Amino acid sequence: MKILIADDHALFRDGLKLSIEQLDDVTKIVSADSYTQAQKILEVSPTPDLVLVDLDMPDQTWNDGLDVLMQTAPQSLFVVISATEDVKTIRQVMEKGVRGYITKRSDAKIISAALKLIIEGGTYLPPVLLKGLENTKTTPETKRETLTARQFEVLQYISQGLSNKQIAYEMNVSEATVKLHINAMLKALNATNRTQALVNAQKMELI
């Protein structure tokens with residue numbers, strides 16, 4: 001598994017690299033200190049399996065920089081690791097389709113667990129955003145109008161960060177069935193991926 005770390009703080013990059021090296025099947029870790037350097041690496045190197053990006057790098061705004069990187073490597077899994085814990089910013093980032101948002105205050109064990117979850121097909125949301133999801137109120141009528149019972153169940157499991165395999169186990173169905181429910185749920189929520197579905201569901205007060 002090939003991983004790209006893009007962060008302008010050398011000490012944090014080195015610490016993150018040590019944590020990542022503990023993951024299974026890691027064959028190569030490449031570092032960049034800016035959005036520009038990360039883009040150049042993605043343009044000339046084989047697409048990495050995982051791209052870890054700090055939001056606040058000085059050469060570009062995070063909105064533009066992240067968009068360019070994701071367009072350059074559309075097959076890679078993107079994870080943001082940032083000191084920013086602003087809920088509005090986190091939602092905007094997740095809407096872009098990243099597979100996780102990890103705050104820099106997280107300890108090494110949490111970072112490793114979050115990355116394992118993402119690699120296995122799950123989605124990681126920071127506690128500050130999950131708290132907002134848990135506190136959102138809605139009515140049973142609204143839920144029924146938007147999603148079927150099975151689709152809503154899948155949405156709840158996704159909000160907990162479960163992978164397709166884990167959801168299949170919890171629902172006692174095949175992974176293929178889970179994928180069908182997820183595809184139908186995405187269509188109902190006007191979303192193109194799991195993370196956007198969570199954000200849209202929160203805006204619609206479904207979770």
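A salt bridge here is a side-chain nitrogen of Lys or Arg within 4 Å of a carboxyl oxygen of Asp or Glu. The views below come from a predicted model, which holds five salt bridges.

**View 1. Lys96 pairs with Asp67 in a salt bridge.** The closest N and O atoms of Lys96 and Asp67 are 2.8 Å apart. Lys96 sits in the loop between helix 4 (87–95) and strand 5, while Asp67 belongs to helix 3. The two residues are 29 residues apart, so the contact links distant parts of the chain. Lys96 is partly exposed, at 23% relative accessible area. Asp67 is partly exposed too, at 26%.

**View 2. Asp54 and Lys104 form a salt bridge between two loops.** Their closest N and O atoms lie 3.5 Å apart. Asp54 is in the loop between strand 3 (50–53) and helix 3 (62–72). Lys104 is in the loop between strand 5 (100–103) and helix 5 (108–119). The pair therefore ties together parts that are 50 residues apart in sequence. Asp54 is buried, with a relative accessible area of 3%. Lys104 is partly exposed, at 21%.

**View 3. Glu153 and Arg150 meet within helix 8.** Their side chains form a salt bridge of 2.8 Å, N to O. Helix 8 spans residues 149–159. The partners are three residues apart in this helix, so about one helical turn separates them. Glu153 is partly exposed, at 24% relative accessibility. Arg150 is partly exposed, with a relative accessible area of 33%.

**View 4. Asp7, Asp54 and Lys104 make up one network.** Salt bridges that share partners join these three residues.

Technical notes: Residues numbered from 1 in each chain as written. Predicted model: local features only at pLDDT ≥ 70, side-chain atom pairs only at ≥ 80, totals over all residues. Heavy atoms only, no water. Helix = DSSP H or I, 4+ residues; strand = E, 2+ residues; numbered from the N terminus. Buried < 20%, exposed > 50% of the residue type's maximum accessible area, 1.4 Å probe, protein only.
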